[in-house]
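Walk through this structure one region at a time. Keep the 3D view open and turn to each part as the text reaches it.

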Amino acid sequence: MWDDAFPSFLIGLREGLEAGLIVSILVATLVRAEAKSRLPQVWTGVLAAVALAMSFGAVLTFTAASMSGTAQEAFGGTLSVVAVAFVTAMVFWMRRSARSLSGEIKEKVTGALAMGAGMLVVTSFLAVGREGLETALFLWTTARAAGESAGPMIGAGVGIVIAAGLCWGLYRRVLKINLTKFFTATGAVLIVIAAGVLGYGLRDLQEGGVLPGKSAYAVDLSQSIDPGAWYSTLVQGVFNLTPTMTWLQVVAYVGYLAVVMTLFVRGVRTVAEKPAKAAEPAEGEPAAAGVPARRRPAWVVPVAVVAVPAVIAGAVVALSGSKPADAQTVAVSEKECGKGFSAPKPGRQTFQMHNTGDKASEVYLIDPASNAVYGEIEGLAPGTTRDLVATVAGGSYAWRCVPTGGKAVTSASVRVSGGGAAKAVVPVSEADLAAPLTAYKSYVNQNLATLVAQTKQLSDDIAGGNLDAARTDWLTAHRTYSSLGAAYGTFQDFDKKINGRTAGRPDGVNDKDFTGFHRVEYGLWHGQAAGDLAAPAARLAEDAAGLQKAFPTQDFDPGDLPLRTHEILENTLQFELTGDADQGSGTSLATADANLAGTRELLGVLRPLLASRDAQLLPRVDGDIDRVQKLLDAAHHDQAWTPVDKLDATARARLNGATGQLLEDLAPVPDLLEIRKSA
């Protein structure tokens, strides 16, 4: 997220400083002209500009959301190119105008004072509005490139707040900034960032079919560069450079950077450096005489300038098609499914599913030949309408509705010609997961038998006062337990007893309910005597034996298997790779290694189902696992493991990045193997 924040931070800082300088000069001019009563007119204009910018951002966001996938790519690409043009013009304009900005604004304010209240509102609105629109456009394109809005919005917000502070300091004369140097330095950085935005926008236009060459790659480093590494994330977030780029992207990036940067640097060298001066209005400049007019409530104009852009933006969003022109309304009920369905056009389509029956229903768009699912809605309530978005290509399509407590109903199929290929997921039933579940239960049973023997040995070591042997046996037993991650949800209360942490315990490590592996770990590595550890170790052995006895009778939901492929390593990233779970042994990486082994075992039983549904997924995941394994092996020396906090920064970043990439590639597994009623 934070790597995506920097470009927006810079644009927020620059645009905020530009707008803030203009506003502070307006205010200073009015104050020196003894026209403080006119200040509300300035703030009204500023408020109108902010409202316009926010409304513009809303229009961009919601109108794009109602477009097809291809149209979204083309729309986003076009606006990215427009944003680059605006940013480029802004950089050159500010480089040229920074020295004379205050004098120009003073002249405009002096003229506005003579022309009445409305002109001051218009002057401040126009002065700030341009920066606001540019900021909204750049933020929208940056957020779209990042795939999330939190980072860009936070970055821009921080930049604007800092800009406001700088402008206040300049206004109060507590700060001195060489604005020419500031805008020159930030302009050079923005040109580099804009080159990346241009490349990203052209890629969108290629994906949207507007420009050719989307498969003509000039650079493909995806096999040699770790996309999850910190440096990959940083470069992509800040500069929009990716391991895979087309020829058009590369040529545009290099060409833009070479031409624009050359012109920018040449312009800086040819213009003589002059000290920036904050122009002030002339002494004794009188305020414009006003003619008494009919009074209106003070709140009318501010409310109007906010409401009017919002209403216009709402109208634009509504008229732009929250329901796309080609959307079909398809009826769903217990007896009839798919009424109103006709052969759709190829491409990304939105279907409005309306439940006309008396029961909630699951709704699936399927390939009737294979039952593969193109799109679905869960729990469509009676009398409600929800959108189902799916990509349609050449093939057969039908609707399958499964009402609560009722039988599945399938519509007549339709045939679509052309349009390439659409990705569908072959549904999984409980019967499909029966064999993997049986195999995994067998694996758990075998390892629980091993765990019981290992915890018994650990307890005997401590009872005999052999704490050195106990430390070795503790790690062996804990690794065995950690390799059973997919079954934790089935272990019920035993997991808290056997592997509970101190989080949430009022007395921390001294809490009477703190038991299990981590309680024994704390004692072994914090110098507690064997007599103090005998009872916790014996209880751990008893709980392990109790779990072994209870497990065959516990309910193991087959739907948990696909979920655990992702969740085991999520916990690893949260607890082991941060060292949060460590109670002194420094063996968090050994636990992470056991978690990885458990994930590999789970994928092994699910492999046949995954291979038939996504042929590319398993090779990619296997490569990720090998990468994480090598990084963990590098931290294992003989019988010792490097503590997480002793890893050098590069090794730790690589391990976190590789684990994050593995998690990202595992993310589709729960959806691919979700138990669906359409099966």
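The hairpin of β6 and β7 has six residues between its strands, and there Asn371 takes a positive phi near 70°. This is a predicted model. Asn371 sits in the loop between β6 and β7. Its positive phi is set in a residue other than glycine. Is Asn371 buried or exposed? Neither word fits: Asn371 is partly exposed, with a relative accessible area of 24%. Buried would need a value under 20%, and exposed one over 50%.

Now look at the two strands themselves. β6 covers residues 361-366 and β7 covers residues 373-380. They run antiparallel, and five bridges join them. For one point along the pair, find Val363: it stands opposite Ile377 in β7.

A second residue can be set beside Asn371. Asp638 also has a positive phi, near 55°, and is a residue other than glycine. Asp638 lies in the loop between β12 (636-637) and β13 (640-641). How much of Asp638 is accessible? The relative accessibility is 70%, so Asp638 counts as exposed.

Next comes an open sheet. Four strands form it, in the order β4-β3-β5-β8. What kind of pairing does this sheet have? The pairing is mixed. The edge strands are β4 (337-339) and β8 (385-392). Each edge strand pairs on one side only. From one strand to the next, the twist averages 35°. Strands of a sheet pair through backbone hydrogen bonds, either parallel or antiparallel.

Inside this sheet, take β3 and β5. β3 spans residues 328-332, and β5 spans residues 347-355. These two strands run parallel and are joined by five bridges. One partnership to find is that of Val330, whose bridge partner in β5 is Met353.

Move on to helix α14. How many of its eight residues are buried? Eight of the eight are, and α14 is mostly covered. The buried residues are Phe517, His518, Arg519, Val520, Glu521, Tyr522, Gly523 and Leu524. What do they pack against? Their partners are α11 (434-463), α12, α13 (494-499) and α15 (530-550).

Gly516 lies in the loop between α13 and α14. Its relative accessibility is 2%, so Gly516 counts as buried. Leaving out residues up to four places away in sequence, Gly516 touches Lys497, Ile498 and Leu540. Gly516 and Lys497 are 19 residues apart in sequence. In space, their C-alpha atoms are 5.6 Å apart.

Glu430 gives another view of a loop, the one between β11 (414-416) and α11. Glu430 has a relative accessible area of 53% and is therefore exposed. Which residues does Glu430 contact, apart from neighbours within four places in sequence? They are Pro558 and Ile675. Glu430 and Pro558 are 128 residues apart in sequence, yet 6.8 Å apart in space, C-alpha to C-alpha.

The last topic is empty space inside the model. Rolling a probe the size of a water molecule over the atoms shows where empty space is left. The count here is two cavities of 30 Å³ or more. The largest has a volume of about 60 Å³. Its lining residues are Trp474, His478, His518, Glu521, Glu576, Ala581, Asp582, Ser585, Thr587, Ser588 and Thr591. Three elements give two or more residues to this lining: α12 (467-482), α14 (517-524) and α17 (588-611). So α14 returns here, with His518 and Glu521 both buried and both part of the lining. By class, the lining of the largest cavity divides into two nonpolar, six polar and three charged residues.

The second largest cavity has a volume of about 50 Å³. Leu569, Thr572, Leu577, Ala592, Leu596, Val628, Leu632, Leu655 and Thr659 line it. The elements giving two or more residues to this lining are α16 (560-576), α17, α18 (617-633) and α19 (649-666). What classes of residue make up the lining of the second largest cavity? Seven are nonpolar, two are polar and none is charged.

How values were computed. Residues are numbered from 1 along each chain as its sequence is written. This is a predicted model: local features need pLDDT of at least 70, side-chain atom pairs count only at pLDDT 80 or more; totals for chains, interfaces and linings use all residues. Side-chain values use heavy atoms; hydrogens and water are left out. On a 1 Å grid over the protein atoms alone, a cavity is a set of points where a 1.4 Å probe fits but cannot get out, and a pocket is an open set with protein on both sides within 12 Å along at least five of seven lines; lining residues have an atom within 4 Å of a point. Grid points are joined across faces, edges and corners, and a volume is the space filled by probe spheres set on the points. Ala, Val, Leu, Ile, Met, Phe, Trp, Tyr, Cys and Pro count as nonpolar, Asp, Glu, Lys and Arg as charged, and the others, Gly among them, as polar. Two strands pair if DSSP finds at least two bridges between them. Buried means under 20% relative accessible area, exposed over 50%, partly exposed in between (1.4 Å probe, protein chains only). Contact means heavy atoms within 4.5 Å. Axes are lines fitted to C-alpha atoms, for helices over the stretch in contact, and angles run from 0 to 180 degrees between N-to-C directions.
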